[in-house]
Amino acid sequence: LGFGEGLPENPVETDYLQILGGSRTFKFEAEATFDRQSDPVSVRDYPLFGAFSGSGWVHGTTNRLAVHFKVFIPVSGNYTLKVTSKGADQLWSVAGKAFRLSAGETFTESSLGQVFIPAGELEFNAVIPPAGAIDCFVFTAPAYAPVEPVAGVTLFEQDRAAILRRIEQPP
């Protein structure tokens with residue numbers, strides 16, 4: 001893979017900084033990443049099953065159903081997947097691996113296991129029980145050393161000092 005590995009189609013400065021910073025912890029909110037066109041779930045924004053992160057959470061119907069997610073992972077590697085969800089007998093399918101999870105009756109963070117994730121767009125799904133719910137999920141891998149100047153980031157200190165002197169001096 002070349003220099004474009006892990007970058008979205010139209011990268012912005014923060015995309016580059018995220019990769020160069022070395023962090024490989026990526027948290028996604030279920031309500032922001034599920035397939036709104038085809039998934040028959042609703043988004044709730046009140047603490048029915050306990051505290052939640054983000055603007056809400058995804059709530060299933062009275063039937064067992066699959067929820068489809070699409071996220072972007074900028075750096076490939078072996079990730080641990082943690083899920084905050086509610087409901088017994090969940091089945092998660094991520095990057096060709098299947099994981100079973102039985103969470104309680106309130107939002108609980110659970111580790112599903114490890115999975116290799118290639119850099120780029122990732123589509124996966126979770127089958128949740130009747131009245132199941134998903135708040136968020138986190139992909140975590142050990143951080144890489146950040147790419148930064150050997151002497152630290154002091155490149156613009158002189159420029160900043162000169163700008164401050166100009167501002168402080170009357171015309």
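Q: What makes β4 and β9 a strand pair, and in which sense do they run?
A: In this predicted model, β4 and β9 are joined by 9 bridges in the antiparallel sense. Pairing asks for at least two bridges, so the 9 found here qualify β4 and β9 as partners. Within this pairing, K70 stands opposite E123 in β9.

Q: Which strands make up the open sheet, and in what order?
A: The sheet has 4 strands in the order β4-β9-β6-β7, and their pairing is antiparallel. The edges are β4 and β7: each has a single partner strand, so one side of each is left without a neighbour in the sheet. On average, neighbouring strands are turned by 20° against each other, direction ignored.

Q: Why is the contact between K70 and E121 called a salt bridge?
A: The N to O distance between the two side chains is 4.0 Å. The rule asks for a Lys or Arg nitrogen within 4 Å of an Asp or Glu carboxyl oxygen, so this contact counts. The pair links distant parts of the chain, with K70 in strand β4 (residues 65-73), E121 in strand β9 (residues 120-128), and their positions 51 residues apart.

Q: How do you know whether K70 and E121 are buried, partly exposed or exposed?
A: K70 has a relative accessible area of 44%. That lies between the 20% and 50% limits, so K70 is partly exposed. E121 reaches 55%, and a value over 50% means that E121 is exposed.

Q: What makes E105 and K86 a salt bridge, and which parts of the chain does the pair tie together?
A: The closest N and O atoms of E105 and K86 are 3.5 Å apart. E105 lies in the loop between β7 (97-101) and β8 (108-117), and K86 in strand β5 (residues 77-86), so the salt bridge ties together parts that are 19 residues apart in sequence. As for the distance, 3.5 Å is within 4 Å, so the contact meets the rule.

Q: Why are E105 and K86 put into opposite classes, one buried and one exposed?
A: E105 has 58% relative accessibility, which is over 50%, so E105 counts as exposed. K86 has 5%, which is under 20%, so K86 is buried.

Q: How do you know that R100 and D89 form a salt bridge?
A: Their closest N and O atoms are 3.4 Å apart. R100 is in strand β7 and D89 in the loop between β5 and β6 (90-94), so placed that the pair links distant parts of the chain, 11 residues apart. The distance is within 4 Å, so the pair counts as a salt bridge. There is a wider network too: R64, D89 and R100 are linked by salt bridges. The count for the model comes to 6 salt bridges.

Q: What makes the backbone at D89 stand out?
A: D89 has a positive phi of about 55° although it is not a glycine. Most residues other than glycine have a negative phi, which is why a positive value gets noted. D89 has a relative accessible area of 38%, between the two limits, so D89 is partly exposed. A131 also has a positive phi, about 65°, and is not a glycine either. A131 is found in the loop between β9 and β10.

Q: Why is the pair F28 and F139 called edge-to-face?
A: A search of the whole structure finds 16 aromatic pairs. For F28 and F139, the ring centres are 6.2 Å apart and the planes meet at 70°. The pair links strand β1 (residues 25-29) with strand β10 (residues 133-140), across 111 residues. Centres within 6.5 Å make a pair and planes over 60 degrees make it edge-to-face, so the name fits. Both F28 and F139 are buried.

Q: What makes F124 and F137 an aromatic pair, and of which kind?
A: F124 and F137 have ring centres 5.2 Å apart and planes at 80°, an edge-to-face arrangement. This pair connects strand β9 with strand β10, 13 residues apart. The distance is within 6.5 Å and the angle over 60 degrees, so both tests are passed. F124 and F137 are buried. Both belong to one aromatic cluster, whose members include F26, F28, W92 and F139.

Technical notes:
Residues are numbered from 1 along each chain as its sequence is written. Side-chain values use heavy atoms; hydrogens and water are left out. Buried means under 20% relative accessible area, exposed over 50%, partly exposed in between (1.4 Å probe, protein chains only). Axes are lines fitted to C-alpha atoms, for helices over the stretch in contact, and angles run from 0 to 180 degrees between N-to-C directions. Rings of Phe, Tyr and Trp (its six-membered ring) pair if their centres lie within 6.5 Å; planes under 30 degrees apart count as stacked, over 60 as edge-to-face and the rest as tilted.
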